Amino acid sequence: MRSTIRPMDLGQAAERELLVRLTDAYAHDPMGGGEGLSAYALAHLADAVAAHPGLFAFVAEQDGEPVGHALCITGFSSFYAAPNCNLHDLSVLPKARGQGLGRQLLQVVEAEARQRRLCKVVLEVRPDNATGQALYLSEGFELSGLCGQAYLMMEKPLV
C-alpha cells in the first residue's frame, strides 16, 4: 500500500468538500465526539474554510484514497511576538491507523510551520486520548503552561 501526504488546495471546491467529509468522519469517531458534524456545519464548513484567511491543510492518502487529514489555523502568540500554528484537527480513519500516518501528518505540519516561520505548533488533545498523547509526546510536544502550571482549555459558545 502506497501512502502519501499532500497539501490540500483549499481554493478548490472539491478539496474543501473533501475536508468536510474527513472532518465529519473524525467527528463521528469517539475522540471527535462520536456524533458527526451538525447539519449546519455540514452545510457551511466548505464555504467557511474558503472565507477564512490563514488556514492550511494536508490530506493523507493510501493508494489515492483519502484516509486522514490535518487542518491548521495561523494564529498569533503574544509571548513569542510571532504567528503560530494551531493544529486544529488531526485525524486518521480507523482502517488506516497504526501505519504511521498520524506521525507523518504531524511532521508535515511542523515542516510547513517552519517554512512559514511560525513560532510554534499548538494543539488540543482529550485527556482520555492516550494514543494521541503518546504520539504528540513522542514528537516533542509538551503540556502548555506557565511557571509549572498547565493551561486549561475553556470556551464560551456564541452561536
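Trainee: What does C119 count as at its relative accessibility?
Mentor: C119 counts as partly exposed, at 27% relative accessibility (buried is under 20% relative accessible area, exposed over 50%, partly exposed in between, with a 1.4 Å probe and protein chains only). This is a predicted model, where local features need pLDDT of at least 70, side-chain atom pairs count only at pLDDT 80 or more, and totals for chains, interfaces and linings use all residues. Residues are numbered from 1 along each chain as its sequence is written, and side-chain values use heavy atoms, leaving out hydrogens and water.

Trainee: And C72, what does that one count as?
Mentor: C72 counts as buried because its relative accessibility is 0%.

Trainee: How many disulfides are there, then?
Mentor: The count is zero, where a disulfide is a pair of cysteine sulfur atoms within 2.5 Å.

Trainee: Why does C72 not form one?
Mentor: The closest cysteine sulfur to that of C72 belongs to C85, and at 3.8 Å it is too far for a bond. C85 also holds the closest cysteine sulfur to that of C119, but the separation is 9.9 Å, so a bond is again ruled out.

Trainee: Changing topic: how do α1 and α2 cross?
Mentor: The axes of α1 (residues 13–28) and α2 (residues 39–51) come within 9 Å and cross at roughly 130°. That makes α1 oblique to α2 (neither under 35 degrees, over 145, nor 65 to 115).

Trainee: Which residues meet there?
Mentor: From α1, R16, E17, L19, V20, T23 and D24 meet L42, L45, A46, V49 and A50 of α2 (contact means heavy atoms within 4.5 Å).

Conventions
Axes fitted to C-alpha atoms, helices over the stretch in contact; angles between N-to-C directions. Helix = DSSP H or I, 4+ residues; strand = E, 2+ residues; numbered from the N terminus.
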